[in-house]
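Okay, thanks for coming, everyone. I'll put the structure up and then walk you through a few places in it.

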Amino acid sequence: MARRQVGRDSDPDLREYLLAMAKAKHGALRFTRLRLRNWRNFDDLDIRLGARAFFVGPNASGKSNLLNVFRFLKEIATLGSGGLQAALSERAGFAAVRNLNARKPSDVEIEVEVGTESHPALWQYLLRLNLHKKQPTIIEESVRHAGSEVKTRKIGPDDDAFLFA
Ligand SMILES: Nc1ncnc2c1ncn2[C@@H]1O[C@H](COP(=O)(O)OP(=O)(O)O)[C@@H](O)[C@H]1O
Ligand SMILES: [Mg+2]
């Protein structure tokens, strides 16, 4: 039987089946935590998300920037969306997304936990972005399930940018 991968390029039926299985076993999955470094106006953010979350703040405090992270994650994960490069172009490029006051190390870091009420950190996804040889790319990406590493990749100094990312 052909080996099938779960992820961006996976079979939608298989993905749906796995999601249904996870739901049956653990209850509905939702984002339970968001951690950001250098995303837009957020230099360092780490919040737990309840079943219902409200973001309240004055104009230009970052409500839209925060919500936009979830759209960004959806865009880079959606098959045929153009992936990372398209998601960044849509936002006027990496320099516009990265916190303007970012100091070194100036990676943009997005980390989310996805889980249920009883297992809030069932899935962890980490994405670190930066310029590499002048090209915005994924510096590090990792998926953990129940604390164990499922997938990880890190760019090395001699690697080319992950153009497929
Ligand atoms: N890359 C960036 N670095 C720093 N600040 C940024 C960056 N991109 C946008 N901002 C700032 O974020 C603010 C807008 O936040 P926004 O999410 O639209 O606020 P709200 O939705 O709460 O009104 C503006 O002050 C803008 O200057
Ligand atoms: Mg807004």
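Let me start with Lys 133, which is exposed because just 10 other C-beta atoms lie within 10 Å. For that wording, buried is 20 or more other C-beta atoms within 10 Å of a residue's own, exposed is 12 or fewer, partly exposed is in between, and the C-beta atoms are placed from the backbone. Lys 133 sits in the loop between β4 and β5. Its phi is positive, near 55°, and this is a residue other than glycine. As a reminder, most residues other than glycine have a negative phi.

Quick housekeeping: this is a predicted model, so local features need pLDDT of at least 70 and side-chain atom pairs count only at pLDDT 80 or more, while totals for chains, interfaces and linings use all residues. Residues are numbered from 1 along each chain as its sequence is written, and chains are lettered from A and ligands numbered from 1 in the order in which they are written. As for element names, helices (H or I, at least four residues) and strands (E, at least two) are DSSP runs, numbered from the N terminus.

Where else is there a positive phi in a residue other than glycine? Look at Ala 92, with phi near 65°. Ala 92 is in the loop between α3 and α4, and it counts as exposed because it has 9 C-beta neighbours inside 10 Å. A little further along, Ala 96 is in helix α4, residues 94-97. Ala 96 has 10 C-beta neighbours inside 10 Å, so it counts as exposed. From Ala 96 to Ala 77 you have 19 residues in sequence and 21 Å in space, C-alpha to C-alpha.

Now the longer helices. α1 covers residues 12-26, so 15 residues by the DSSP runs, and it reaches 21 Å from first C-alpha to last, close to the 21 Å expected at 1.5 Å a residue. That expected span is 1.5 Å times one less than the number of residues. How many residues of α1 are buried? Zero of its 15, so by the burial cut-off α1 is hardly covered. Right after α1 comes Gly 27, with a positive phi near 90°.

α2, residues 63-77, also has 15 residues, and it reaches 22 Å against an expected 21 Å. There's a bend in α2 of about 25° at Val 69, where the bend is the angle between axes fitted to the seven residues ending there and the seven starting there.

α2 also matters for the ligand story: it gives the most to the shell around ligand 1, with three residues. In total 14 residues surround ligand 1, and the closest are Asn 41, Ala 60, Lys 63, Ser 64 and Asn 65. Near here means a C-beta atom, placed from the backbone, within 6 Å. What's the shell made of? Three nonpolar, eight polar and three charged residues. Nonpolar is Ala, Val, Leu, Ile, Met, Phe, Trp, Tyr, Cys and Pro, charged is Asp, Glu, Lys and Arg, and the others, Gly among them, are polar.

On to the inside. The largest nonpolar core has 14 residues, and those with the most contacts inside it are Trp 39, Leu 84, Val 108, Ile 110, Leu 129 and Ile 138. The elements giving two or more residues to this core are β1 (30-39), α3 (83-90), β3 (108-115), β4 (123-132) and β5 (135-145). A core like this is a set of buried Ala, Val, Leu, Ile, Met, Phe, Trp, Tyr and Cys residues joined through C-beta atoms within 7 Å. Take Ile 110: leaving out residues up to four places away in sequence, Ile 110 touches Leu 36, Trp 39, Val 69, Leu 73 and Leu 127. Touching means C-beta atoms, placed from the backbone, within 7 Å. Notice Val 69 in that list, where α2 bends.

Last stop, strand β6, residues 148-154, home of Arg 153. Arg 153 counts as partly exposed because it has 13 C-beta neighbours inside 10 Å. Thr 152 is in β6 too, and with 11 such neighbours it counts as exposed. Beyond four places in sequence, Thr 152 is in contact with Glu 141 and Ser 142. The C-alpha atoms of Thr 152 and Glu 141 are 5.6 Å apart.

Key. Two residues are in contact if their C-beta atoms, placed from the backbone, lie within 7 Å.
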